[in-house]
Amino acid sequence: MFQILHHGATSGVTGSCHELTLSGTGSPSGILIDCGLFQGQDEGRGASADDLAIDFSIDHIRALVVTHVHIDHVGRIPYLLAAGFEGPIICSEPSAIMLPEILEDALKIGFTRDRDLIERVLNLIRFRLVPVPYGEWHEVLDDGECSLSVRLQRAGHILGSAYVECDARCDGLEERIVFSGDLGAPHAPLLPAPESPERADRLVIESTYGDKDHEDRETRRYRLKAVLEHALEDGGTVMVPAFSIGRTQELLYEIESLIHEFGGELWNDLEIIVDSPLAAEFTRIYGDLKPYWDAEATELVRQGRHPLSFEQLTVINSHNDHLNAVDYLARSHRPCVVLAGSGMCAGGRIVNYLKAMLGDPRNDVLFVGYQAAGTPGRDILKHGPRGGWVELDGERFDIRAQIHQVGGYSAHAGQSDLLRFVEGIPLPPREIRIVHGDEGAKQALKRCFQSAFDTDIIIPTE
Ligand SMILES: [Zn+2]
């Protein structure tokens, strides 16, 4: 009667798209949870055009619910509209502000350069958006025989992120089905940790870090401090390849707190540059949406601190300013941290910084996110510490800069966090579906759940 289907994120961590369909005696009705793009190695399923296509029936789909605005959860929305989807796009209030921005960027890169067409698609998306406050039930459909309501709860992953509780009813039968979306780590800066659902008869849960736990926040912060101190000592630049939403803001928050704590002339010399119009825009939106921050961040604001817009922070927008900054930092001896995309050094403004500065041992590269096989980021991480080289834009660059990796700024829950999330549900779900993870992570999480719950644990394939 209530059927869960998966149209992505079953053979990797991207392309999230799940379906919940209710079938009474009449024709079925359903909703989609996310409609994301396949990225990186997950694209290897075939030609990317095939991956973009909506290859399942959407005639009965009445609404799309968006858990959060990462591109692997929302990137196929333009294609969903092109396929004829006419329903509302339900999401949290912060997500409704960010979704058009992220899709504008995605459309420019992957869809078309036609400005008018992009504007038309964005207007259509804005028109369909239905922002729903956290914690409030929202009726999606009621055709007399079947009804479905959804409620969004904070997921602590990025600003606006939510897990989705679905109350499905047909012919007197009812079921609560919960889709986790991406869950945040409990001690992430800025956002409150997710709380377990009060009920979940069935649960669809992510498993990105289903096989490991992160370093705790203090360790992470200590290691970040050590890297920054190296830059301060010898006037080098710390290059941080970072994604625009989530990690950039978490890092700014941590850097501000280090400057505040250690202060003094030395730390006050440190310059922080965000060289990315998109990251700058999302940092501004994060700053505007303080009601969604956690208690710790709110308290800092009350004390007059500005965790995301402090004095030493400079934002670079134009390409010319970007080129000037690369040139200036390569020659200057001022300690500086640059945050720029892309997160895996495969294109984006970070590449120019790397080309100009990898050869100088005063500089550092700090990786804060996963580096996929085949990306320059992975090569730098692997060969850099042994004095190797990396190929950027077809040219070899020797690596003399110091290479570091701090693993905890991933914005995803680790294995014990996922376990705690499920343990916190008063009655264990009768079925748990593990999605959104590499095979090893899914299997490890399955074993972990099997030893904790007497429940059906499924790793679905499409
Ligand atoms: Zn995400």
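This passage describes the cysteines, three buried residues, and the internal spaces of a predicted model.

A natural place to begin is with the cysteines. A disulfide is a covalent bond between the sulfur atoms of two cysteines. The count for this model comes to one disulfide. The bond is formed by C146 and C170, whose sulfur atoms lie 1.9 Å apart. The torsion about the S-S bond of C146 and C170 is about 105°, so the disulfide is right-handed. As for its setting, C146 belongs to strand β8 (residues 146-154) and C170 to strand β9 (residues 162-170), so the bond ties together parts of the chain that are 24 residues apart in sequence. Both partners, C146 and C170, are buried. Outside this pair, C345 takes part in no disulfide, and the nearest cysteine sulfur, which belongs to C336, is 16 Å away. With buried meaning under 20% relative accessible area, C345 counts as buried because its relative accessibility is 1%. C448 is also classed as buried, because its relative accessibility is 13%.

Attention now turns to E256, a residue of helix α7 (residues 247-262). E256 has a relative accessible area of 7% and is therefore buried. Its side chain is joined to that of R305 by a polar contact of 2.8 Å. When neighbours within four places in sequence are left aside, the contacts of E256 are R305, H306, P307 and F310. R305 thus appears both as the polar partner of the E256 side chain and as a member of this contact list.

Q371 offers a second buried site, this time in a loop. The residue sits between β16 (364-367) and α13 (376-383), and Q371 is buried because its relative accessible area is 3%. The side chain of Q371 has polar atoms placed close to backbone oxygens: the oxygen of G343 is 3.1 Å from a polar atom of this side chain, and the backbone oxygen of G369 also lies 3.1 Å from a polar atom of the Q371 side chain. Not counting residues up to four places away in sequence, Q371 touches G343, M344, G377, R378 and L381. G343 is therefore met twice, as the owner of one of the backbone oxygens and as a contact of Q371.

A third buried residue, A413, is found in the loop between β19 (402-405) and α14 (415-423). A413 counts as buried because its relative accessibility is 2%. The C-alpha atoms of A413 and Y209 are separated by 6.6 Å, although the two residues are 204 residues apart along the chain. Setting aside neighbours within four places in sequence, A413 is in contact with L183, G184, A185, E206, Y209, H214 and L418.

Y209 leads on to the empty spaces of the model. Rolling a probe the size of a water molecule over the atoms shows where empty space is left. The second largest pocket holds about 220 Å³ of space. This pocket is lined by 13 residues, and those closest to its centre are Y209, G369, Y370, Q405 and G407. The lining of the second largest pocket is made up of five nonpolar, six polar and two charged residues. G369, one of the residues closest to the pocket centre, is also the residue whose backbone oxygen lies 3.1 Å from a polar atom of the Q371 side chain.

The model also has enclosed spaces, with six cavities of 30 Å³ or more. The volume of the largest cavity is about 80 Å³. Among the 15 residues lining the largest cavity, S16, H18, S180, G181 and V435 are closest to its centre. Strand β11 (residues 202-206) contributes the most to this lining, giving three residues. By class, the residues around the largest cavity divide into five nonpolar, seven polar and three charged.

The second largest cavity contains about 70 Å³ of space. The residues lining this cavity are P94, Y134, R154, A155, G156, I158, L159, G160, S161, L191, P192 and Y292. Eight residues of this lining are nonpolar, three are polar and one is charged. R154, one of the lining residues, falls within strand β8 (residues 146-154), the strand in which C146 of the disulfide also lies.

Conventions: Residues numbered from 1 in each chain as written. Heavy atoms only, no water. Helix = DSSP H or I, 4+ residues; strand = E, 2+ residues; numbered from the N terminus. Buried < 20%, exposed > 50% of the residue type's maximum accessible area, 1.4 Å probe, protein only. Polar contact = N/O pair within 3.5 Å; in protein donor to acceptor, adjacent residues only side chain to side chain. Contact = heavy atoms within 4.5 Å. 1 Å grid on protein atoms, 1.4 Å probe; cavity = no way out; pocket = protein on both sides within 12 Å on 5 of 7 lines; lining within 4 Å. Points joined across faces, edges and corners; volume = space filled by probe spheres on them. Nonpolar A, V, L, I, M, F, W, Y, C, P; charged D, E, K, R; others polar. Disulfide = S-S within 2.5 Å.
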